[in-house]
Amino acid sequence: MKTEITYFDKSGENNTADVLAIALKRYQQGDIDMIVVASSFGKTAKMAAEVFAGEKVSLLIVGEVLEGKQSPPPEVCASLSTKGHRVIWGVTMGTMSKFSQNETPNLIADVYKRISEGFKVVCEIVLIATSSGYLQASQKVLSIAGTHSGADTAIVARAAGYADFKAFQVHEILCKPYKR
């Protein structure tokens, strides 16, 4: 098999439209069970919903807790929900390390960050979604995330949860920032 990887000069939201176009093209090739998108404020989730609207696919949006509140905001979640998408929240690797006093999740997150911040997040949201029961282990997923805001990384992975971490596999890196 021969695939192409796109490298962006810089990380961040300026790559979002390109990442979503690359992800759509890969989705249209087939064999993807679910699309998972990280979105803190809702902008990336809304853009992804627009890009994938013609595909009749339900997106799984993984938000985060910011300043004690679930993010994206409730109005964004409601809008996405009316279009058939689902927003969830879960435990990040860094939070797991703080809670469990076990540095292994933090170490794994740090290793992923050596590739890029967005790469850490695309892996993490698949682990979160599977651990929370929103993905089935071994589903083939397209995961989209970025560095701080927007999207700059997309992968195709085999889903697994934290409890079965060794079963998690990254099959394809579609795009990422060249430098982290």
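These are my notebook entries on a few things I looked up in this structure, which is a predicted model.

**Entry 1: salt bridges**

I began with charged pairs. Side chains of opposite charge can pair when their charged atoms come close. How many salt bridges does the count come to? I got seven.

I took Lys43 and Glu13 to start with. Their closest N and O atoms are 3.7 Å apart, and the two form a salt bridge. Lys43 sits in helix H2 (residues 43-51), while Glu13 is in the loop between strand E1 (6-8) and helix H1 (16-28), so this pair ties together parts that are 30 residues apart in sequence. I checked how open the two ends are. Lys43 is exposed, at 53% relative accessibility. Glu13 is partly exposed, with 42%.

**Entry 2: a buried pair**

Next I looked at Glu172 and Arg26. They meet in a salt bridge too, with 3.0 Å from N to O. Where do the two residues sit? Glu172 is in strand E9 and Arg26 in helix H1, 146 residues apart, so the pair links distant parts of the chain.

Are Glu172 and Arg26 buried or exposed? Glu172 has a relative accessible area of 9%, so I noted this residue as buried. Arg26 is buried as well, with 7%.

I then followed the contacts outward. Arg26 and Glu172 belong to a network of salt bridges that also takes in Asp31 and Lys140.

**Entry 3: helix H5**

I moved on to H5, which covers residues 104-115. This helix has 12 residues and reaches 18 Å from its first C-alpha to its last. The expected figure at 1.5 Å a residue is 16 Å, and the helix comes close to that.

Which residues of H5 are buried? I wrote down Pro105, Ala109 and Tyr112. They cover an arc of only 60° around the axis, which means that they lie on the same side of H5.

H5 also holds a salt bridge of its own. Arg114 pairs with Asp110, with the closest N and O atoms 3.2 Å apart. Both residues lie in this helix, four residues apart, or about one turn. I looked up their accessibility as well: Arg114 is partly exposed at 43%, and Asp110 is partly exposed at 37%.

**Entry 4: cysteines**

How many disulfides does the count come to? I found zero. I wanted to know why Cys123 has no partner, and checked the distance to the closest cysteine sulfur. That sulfur belongs to Cys175 and is 13 Å away, too far for a bond, because a disulfide needs the two sulfur atoms within 2.5 Å.

I also checked how covered two of the cysteines are. Cys123 is buried, at 0% relative accessibility. Cys77 counts as buried too, at 14%.

**Entry 5: a nonpolar patch**

Last, I turned to the surface. Which residues form a nonpolar patch there? My note lists Ile5, Tyr7 and Tyr178. Together they have about 340 Å² of accessible area.

I looked at Tyr178 a little further. This residue lies in the segment after strand E9 (169-177). Its relative accessible area is 58%, so I put Tyr178 down as exposed. Strand E9 had already come up in my second entry, as the place where Glu172 sits.

Terms used. Residues are numbered from 1 along each chain as its sequence is written. This is a predicted model: local features need pLDDT of at least 70, side-chain atom pairs count only at pLDDT 80 or more; totals for chains, interfaces and linings use all residues. Side-chain values use heavy atoms; hydrogens and water are left out. Patches are made of residues with over 30% relative accessible area and no salt bridge: like charges are joined within 9 Å, nonpolar side chains (Val, Leu, Ile, Met, Phe, Trp, Tyr) within 5 Å. Accessible areas come from the Shrake-Rupley method with a 1.4 Å probe; for residues, only the protein chains shown count as cover. A salt bridge is a side-chain nitrogen of Lys or Arg within 4 Å of a carboxyl oxygen of Asp or Glu. Helices (H or I, at least four residues) and strands (E, at least two) are DSSP runs, numbered from the N terminus. Buried means under 20% relative accessible area, exposed over 50%, partly exposed in between (1.4 Å probe, protein chains only). The expected span of a helix is 1.5 Å times one less than its number of residues. The arc is that of the directions from the helix axis to the C-beta atoms.
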